[in-house]
Amino acid sequence: MEGYPKLASLMGACPEVAILRRFGSLNARNLLYLQAELVALEETLRACTERNNASNDADRIRSARDWYTLSRLGNNGSNVGAGEEWWTMLEIRKKLKEYNAALVHQSLITGMSKPNPRDLAFLQEWMRRPSMGNVYLLGQDSDIWANPEESDLIALQARHSDSPVSRWMSDTLVHWYHQAIGRKLRKPKASDWTANTVIYSENGVTRLASVLGVFLSSLLPIASIVVLYYIGSDTIRLVVIALFTACFSISMCLVTSARVVDVFTATAAFTAVQVVFVGTNGPRNEGKV
């Protein structure tokens, strides 16, 4: 299997590397032309309506209030001028359908995410290396991935990490792990398109990041209470509360995908717990700082 079939096998199995052009400029140009055609048709329709309204013919005057009369005038070949409004409307109907469909599709395409830089780099390496995909195309599309217009690329299923930590794990830690340990433990699957390619589950990385988040959310409150318990100086206690609160809010931002308002609420609750503890529990005499 070579060329397009081999590349399609990889993209079908790994949609995060199904990286394609969205042709933003061409799609926008198509919309502009359709818009211009509709503007011209709209002006023609307006002129036709005015001519029918100014006519002495009863049916042409009635056509503004009765669609059936308007359509009958359009189907009556004996009076071309009278039927022009209906024919123009039918042409507008077809053009509007085309324009609306293009507009919706362009909106959907524009909302699609750009590919993960590491996925794009992997695809480029996979296509280039003889020991992996070794896919080279001969047509004018041969350099779409080798010399890409990155602003015009989309991925069918771009990888989106829930937090900066999980993103770092996916993009960097997995690569380090594979170079140090993974390549010794995991062997590539025996298939044409996965030659010398090891695939790691994104779900595993996400679970690891979640475990880290739960661990930190449990550790920080306990650690702050233990430290505050052995501190006697109110000034040092306030400094420690500020430090632990800062660590907590930073960890919330790094390990979770929480909104700013959620981080603020959780941080306020965490601070309140520390303040209540300090207010109701004095330090032990031994080990007092």
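**Exercise 1. Decide whether Val226 is buried, partly exposed or exposed, and describe its surroundings**.

Step 1. Val226 has a relative accessible area of 44%, and since buried means under 20% relative accessible area, exposed over 50% and partly exposed in between (1.4 Å probe, protein chains only), Val226 is partly exposed.

Step 2. This is a predicted model, in which local features need pLDDT of at least 70 and side-chain atom pairs count only at pLDDT 80 or more, while totals for chains, interfaces and linings use all residues. Residues are numbered from 1 along each chain as its sequence is written, and side-chain values use heavy atoms, with hydrogens and water left out.

Step 3. Val226 lies in helix H8, residues 202–229, where helices (H or I, at least four residues) and strands (E, at least two) are DSSP runs numbered from the N terminus.

Step 4. Together with Ile222 and Tyr230, Val226 forms a nonpolar patch on the surface, with about 280 Å² of accessible area for the three together. Patches are made of residues with over 30% relative accessible area and no salt bridge, like charges being joined within 9 Å and nonpolar side chains (Val, Leu, Ile, Met, Phe, Trp, Tyr) within 5 Å; the areas come from the Shrake-Rupley method with a 1.4 Å probe, and for residues only the protein chains shown count as cover.

**Exercise 2. Describe how the axes of helices H1 and H6 are arranged**.

Step 1. Two packed helices are described by the angle between their axes and the distance between the axes.

Step 2. The axes of H1 (residues 3–13) and H6 (residues 117–128) come within 12 Å and cross at roughly 150°, the axes being lines fitted to C-alpha atoms, for helices over the stretch in contact, with angles from 0 to 180 degrees between N-to-C directions.

Step 3. H1 is therefore roughly antiparallel to H6, because angles over 145 degrees count as roughly antiparallel, under 35 as roughly parallel, 65 to 115 as roughly perpendicular and the rest as oblique.

**Exercise 3. Find where Phe23 and Asn134 lie, and state what phi is in each**.

Step 1. Phe23 is found in the loop between strand E1 (19–21) and helix H2 (24–53); its phi is near 50°, a positive value in a residue other than glycine, and Phe23 is partly exposed at 36% relative accessible area.

Step 2. Asn134 is placed in the loop between H6 and strand E2 (153–155); phi of Asn134 is near 50°, again a positive value in a residue other than glycine, and with 30% relative accessibility Asn134 counts as partly exposed.

**Exercise 4. Place the salt bridges of Arg46 and Glu84 along the chain**.

Step 1. Side chains of opposite charge can pair when their charged atoms come close. A salt bridge is a side-chain nitrogen of Lys or Arg within 4 Å of a carboxyl oxygen of Asp or Glu, and the structure holds 11 of them.

Step 2. Arg46 is bridged to Glu43, with the closest N and O atoms 2.3 Å apart. The two residues are three apart in helix H2, which means that about one helical turn separates Arg46 from Glu43.

Step 3. Glu84 pairs with Arg51, their closest N and O atoms being 3.1 Å apart. This pair links distant parts of the chain, since Glu84 is in helix H5 (residues 80–110) and Arg51 in helix H2, 33 residues apart.

Step 4. Arg21, Arg22 and Asp152, finally, are linked in a network of salt bridges.
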